[in-house]
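Please take a moment with the sequence and the model below before reading on. The paragraphs that follow lead through the helices, their faces and the charged pairs.

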Amino acid sequence: MIDDIEKRFTYHAPKEGQPRKYGELRAAAKDLAYLICNHCPDSRERSLALTKLEEAVMWGNAAIARHE
């Protein structure tokens, strides 16, 4: 449990290659965000879809930072 707490609450400086991966995740998510905005009516559901997409990028980045 201590190791898990350390991973969750410690800054992880980017290692070689990680910034590129972060950028690729953000770029793919941005494309999907535009698709969602262009195809889905302005609604609570669209807002939630965009929020969850943003969360997915953050968790993806966290996985890279914490486990590579």
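**From a buried asparagine outward**

N61 has its place in helix α3. In this predicted model, N61 counts as buried because its relative accessible area is 17%, and the cut-off for that term is under 20%. Apart from its neighbours within four places in sequence, N61 is in contact with Y22, L25 and R26.

One of these contacts, Y22, leads to helix α2, where the buried residues are Q18, Y22, A29, A33 and I36. Viewed down the axis of α2, these buried residues fall within an arc of 60 degrees, so they line one face of the helix. The cover over the buried residues of α2 includes α3, residues 44-67, while on the other side of α2 the residues K30, D31, Y34, N38 and H39 are exposed. The length of α2 can be checked as well: at 1.5 Å a residue, its 22 residues, 18-39, should span 32 Å, and the end C-alpha atoms are 32 Å apart, which agrees.

Charged side chains add another layer, with five salt bridges in the structure. In one of them, the side chains of R20 and E24 meet at 3.0 Å, N to O; both residues lie in helix α2, four residues apart, which is about one turn of the helix. R20 is partly exposed, at 47% relative accessibility, and E24 is also partly exposed, with a relative accessible area of 45%. A comparable arrangement is found in helix α3, where E55 and K52 lie three residues apart, about one turn of the helix, and their side chains meet in a salt bridge at 3.6 Å, N to O.

K21 also forms a salt bridge, with E68, and the closest N and O atoms are 2.6 Å apart. Because K21 lies in helix α2 and E68 in the segment after α3, this pair ties together parts that are 47 residues apart in sequence. K21 is partly exposed, with a relative accessible area of 28%, and E68 is partly exposed at 41%.

Towards the start of the chain, M1, I2, I5 and F9 form a nonpolar patch on the surface, with about 520 Å² of accessible area together. I2 belongs to helix α1, residues 2-8, and counts as exposed at 60% relative accessibility. F9 lies in the loop between α1 and α2 and counts as exposed at 68% relative accessibility. Computed along the sequence, F9 and T51 are 42 residues apart, and in space they are 22 Å apart, C-alpha to C-alpha.

Terms used. Residues are numbered from 1 along each chain as its sequence is written. This is a predicted model: local features need pLDDT of at least 70, side-chain atom pairs count only at pLDDT 80 or more; totals for chains, interfaces and linings use all residues. Side-chain values use heavy atoms; hydrogens and water are left out. Patches are made of residues with over 30% relative accessible area and no salt bridge: like charges are joined within 9 Å, nonpolar side chains (Val, Leu, Ile, Met, Phe, Trp, Tyr) within 5 Å. Accessible areas come from the Shrake-Rupley method with a 1.4 Å probe; for residues, only the protein chains shown count as cover. A salt bridge is a side-chain nitrogen of Lys or Arg within 4 Å of a carboxyl oxygen of Asp or Glu. Helices (H or I, at least four residues) and strands (E, at least two) are DSSP runs, numbered from the N terminus. Buried means under 20% relative accessible area, exposed over 50%, partly exposed in between (1.4 Å probe, protein chains only). The expected span of a helix is 1.5 Å times one less than its number of residues. The arc is that of the directions from the helix axis to the C-beta atoms. Contact means heavy atoms within 4.5 Å.
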